[in-house]
Amino acid sequence: MVKLYNLHPFGSQQVVPCKLEPERFCGGGQDALFVAAGCKVEAFAVTGQELCQPRCAFSTLGRVLCLAYSEAGDYLAVIEEKNKATFLRAYVNWRSKRTENCRVCIRMVGHNVEAPFSDTYKDQMSIIEMPLSEAPLCISCCPVKGDLLVGCSNKLVLFSLKYQIINEEFSILDFERSLIIHIDNIIPVEISFCIGYVALMSDLEVLILKLESDPKNGESVNHQPPKTNNPMKQTEDVSSETLQLESDDFVICQKPMELLGEKSSQSGISVTLESTGLADEKTKYYHVQHLLYKRFAPDISSYVFSDDIKLHSLQLLPIYQTGSLTSGRKNLSQKKELLSLFCFFSLPHVGYLYMVVKSVELMSVYQYPEKSQQAVLTPQFLHVIASNNLQCFTVRCSAAAAREEDPYVDTTLKACPPVSMDVCALRIQLFIGLKAVCHFKNHLILLTKADPEAIPERRDSPKRLLSRKGTSGKLKAPPVAEAGWNLYIVDTISPVQLYKEMVDYSNTYKTAKTQSCIHLLSEAHLLVRAALMDAHQLEPGEKAELLEAFKESCGHLGDCYSRLDTQHSHLALPYYKMSGLSMAEVLTRADWVLEAGSQKYERGLIFYINHSLYENLDEELSEELAAKVVHMFHVAEPKQLPHILCSPSMKNINPLTAMSYLSKLDPSGFSSILVTLTKAAMALKMGDLDMHRNEMKKHPEMKLVCGFILEPRLLIQQRKGHIVPTELAAHLKDTQPGLLVASVLGLQKNNKIGIEEADSFFKVLCGKDEDTIPQLLVDLWEAQLIAGLPDVVLQELFFKLTSQYIWRLSKRQPPDTIPLRTSEDLSLLCGPSFDIASIIPFLEPLSEDSIAGLSVHVLCQTRLKEYEQCIDTLLERCPEAIIPYANHELKEENRTLWWKKLLPELCHRIKCGGEKGQLYLSSLKETLSVVAVDLELRDFLNVLPEDGTAAFFLPYLLYCSRKKSLT
């Protein structure tokens, strides 16, 4: 059975002042209520609590059998009976009907109104006749677009709402018969229509379809009435042969069936589309998609009355995107964006709620305590009437829609009660003689009659009820009016008021440690969430109150999951996050449970605090609360204690308190390196440098690096989005810079810190601005280059290092700290993977006067293969280096430069004389020795200068002529 809470969802109650006994009634929009009796309709304005005023009354052309109001278009659709024939009519501009005897305009659907008659239509009600080839059985208006769907015995007819533009200032409402849906083997008793979704119901069957408007996804529709044809007839259809078997002696029963998604097309019900609209119609449906087919077959032994096995209250309920509505009556339907859609239908003792948009699935099953007569579904509740009571059940529509709207639901960031959570009854209110119900806004319209023995309208023999071709498709006239009736308006109380009552009610379970507290608070949370999703119904100021209630409900749920030991205790984290409560506020309201003389902390609270302390929250706990947290983890999860103490939120912890708890940890059961580093950090906070040094000496540096990798916050923390080095990091900068650089490099290799974060860390640590590069950061770059980090882009790293070296050489500025390697190590310029062209623009301020500057220029020119320019530079700046350079670079294809460039250049410079003449002469001799080996005698003679001294070159000529005989 469904759990029952004795809450009070119903508020004020008033009597509708109608003059005749209501036979049919409906409501909708913001304030419209229609009551029909015979051939008369009374319209009322329901503008607030205890205020229902007559608006107008008008006569229909026939006895009203069925009526439906559409807020989009503001019209009333009516099925009427006259002279044993039924008609479909729409009453538009009814608000202009001030007196019952006012003139009324009657026109055919699609009739073009000429401009001279426009003034007539402005101030009088119009009746639009909608002729049909078959008698209408039921109707439904699309709540978004205002289109009208009509159910007949073997087809559904869609009338699209449109406006005829008379002139620039005036247009009139009209319809166009745009589509016929031919359906075989099922006679609709009730239908519901919403933005292309069609639900139809017979006595024992429910079929849900979706009309697709994309021609690429299916076959095109027929433009001629199709022949009745069912491809599944042999397997599923109740054939004429079966019907002939039915007699007064026995009944043929079909087995129950439920088909979801594409499988529902195997139900044996043939559905074909026939387009009847104009070619320029905006929305055209091209094919149909089957979503759900469900058939019931109750136990025959229970047949006392046929109504015991009939379905009722078919309804499609849309939920829209939050905040998608704007004011304005005509544009209202165009601003609604469908988020989720639900379908409800019911047997007398059980109701079914399905979600039907992205996937079709059963959400909830409602077991009624007694036989139901009718039900209405709202985003917040399911209201069910029995003969003598009004029942209010909770629904899961907002839970399902929340997951459609927000992909972050069901994560550590956000949570929502599950769709699968058991539904409950909030109240069963005594109400004598209930006969019918409808709902709009926060109003329930209830019809009561004093005679409890009133005969139900639809009553057939059981054997006919079990056949699809039964007689229930005929629309019955309302019963003859009886005395002792009333039509009530019962308002549901505001969501915030009911929410507060549910929270108060949940306190009765608070000390019992049961799931009932979570269940009722979850219901309260979903109630507020549903009200926020129904934003277009909110009055000014209500949304802020609801948002406050929403946050409060999240806090209550967080308290439950943090206090109760459940398998879902981890939900304390997202609910506390959504509540907006600070960590200090959560700790203050948490229960500190005592069990057997010792405190016990449940998993939910531990999980929340642990996760919150791992985040970089800009919240610092007081010394008292920090001590509570340390004690909590010492009792519940001591292995997390070193990590907890490293959180920025624990900045105010007394280091003596922290050291006392760290000393109690068993080193064999924990990471001794992490405990050692945490103790060292606390020793620094205490100012005990001896204790700090003793702790740091317990392990070699490489193990200490591993400890920092386990807990990066020992070195680096974040506060308000900025990198903040710890006191321990500042101390290591001065005492063990190598350990500090190695640790940050280890963090990078293990993806604990990014490249930019590491750069910012060293700049902040060394007190440098963004444009100044400290030496420790250069040391890190060099370490990255040696380690070959996979995430480091080599070109960028080369560029940063080289540009920094060049800047220092050009400025002749020493590093701010002692480099771990030489600060002018430019060997990376020789690497094959370095793009040398990127560094050339930075060489201009670097003078060639210094050895380092000259070396950089020559290295870069060599990498660019500008060997001749390098020869000129070296001969000019450093001639003693020319031969070593030539021996190293002028090889293979560059070998010819020895005699084509270097030899002539040396001869020329010797001729010119100067103080470097002896250096040039020595280099010339080395060059001639190389050339004499490489060239033949004739070629060697050709490269010698014509004006040279023969005696000087003779030894090299002799060696060149003899080398062949020597070899």
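Start by selecting strand S10, residues 104–108, where the side chains alternate between two faces. Cys105 and Arg107 point to one face and are buried (under 20% relative accessible area, with exposed meaning over 50% and partly exposed in between, for a 1.4 Å probe and protein chains only). Val104, Ile106 and Met108 point to the other face and are not buried. In a regular strand, side chains take turns between the two faces of the sheet. The strand and helix labels on this tour are DSSP runs numbered from the N terminus, with at least four residues for a helix (H or I) and at least two for a strand (E).

Before you click on, a word on the model: it is predicted, with local features requiring pLDDT of at least 70 and side-chain atom pairs counting only at pLDDT 80 or more, while totals for chains, interfaces and linings use all residues. Numbering runs from 1 along each chain as its sequence is written, and side-chain values use heavy atoms, leaving out hydrogens and water.

**Next to S10**

Add strand S11, residues 125–129, to your selection: S10 and S11 run parallel and are joined by 5 bridges. Strands count as paired if DSSP finds at least two bridges between them. Which residue of S11 stands opposite cysteine 105? Look for serine 126.

**Two antiparallel sheets**

Now show the open sheet of 5 strands, ordered S16-S17-S18-S21-S19, with antiparallel pairing. Its edge strands are S16 (190–194) and S19 (257–260), each pairing on one side only. On average, neighbouring strands here are turned by 20° against each other, direction ignored. Zoom in on S17 (residues 197–201) and S18 (residues 205–212), an antiparallel pair joined by 5 bridges. Leucine 200 has leucine 207 of S18 opposite it.

For the second sheet, select S2, S32, S31 and S30, which form an open, antiparallel arrangement of 4 strands in that order. S2 (10–15) and S30 (434–440) stand at the edges with a single partner strand each, so one side of each has no neighbour in the sheet. The twist from one strand to the next averages 25°. Within this sheet, S31 (residues 443–449) and S32 (residues 485–492) pair over 7 bridges in the antiparallel sense. To see one bridge pair, pick leucine 444 and its partner in S32, valine 490.

**Helices H9 and H11**

Packed helices are described by the angle between their axes and the distance between those axes. Select H9 (residues 572–579) and H11 (residues 603–614): their axes come within 8 Å and cross at roughly 60°. Axes here are lines fitted to C-alpha atoms, for helices over the stretch in contact, and angles run from 0 to 180 degrees between N-to-C directions. H9 and H11 are therefore oblique to each other; under 35 degrees counts as roughly parallel, over 145 as roughly antiparallel, 65 to 115 as roughly perpendicular and the rest as oblique.

Show side chains for Ala572, Leu573 and Tyr576 of H9, which meet Gly604, Phe607, Tyr608, His611 and Ser612 of H11 (contact means heavy atoms within 4.5 Å). By class, this contact has 5 nonpolar, 3 polar and no charged residues. Nonpolar covers Ala, Val, Leu, Ile, Met, Phe, Trp, Tyr, Cys and Pro, charged covers Asp, Glu, Lys and Arg, and the others, Gly among them, are polar.

**Leucine 613 and isoleucine 644**

Stay in H11 and centre on leucine 613. Buried or exposed? Leucine 613 is buried, with a relative accessible area of 0%. Leaving aside residues up to four places away in sequence, leucine 613 touches Met583, Val629, Ile644, Ser647, Ser649, Met650 and Arg713. Serine 647 is 34 residues away in sequence, yet its C-alpha is 5.7 Å from that of leucine 613.

Hop to isoleucine 644 in helix H13, residues 641–645. Isoleucine 644 is buried, with a relative accessible area of 1%. With the same sequence neighbours left out, isoleucine 644 touches Asn610, Leu613, Val629, Phe633 and Met650.

**Last stop: H24 and H26**

Finally, select H24 (residues 867–877) and H26 (residues 897–912), which pack at about 30° with their axes 11 Å apart. That angle makes H24 roughly parallel to H26. Among the contact residues are Tyr867 and Ile871 of H24 and Leu897 and Arg909 of H26. This contact has 6 nonpolar, no polar and 6 charged residues.
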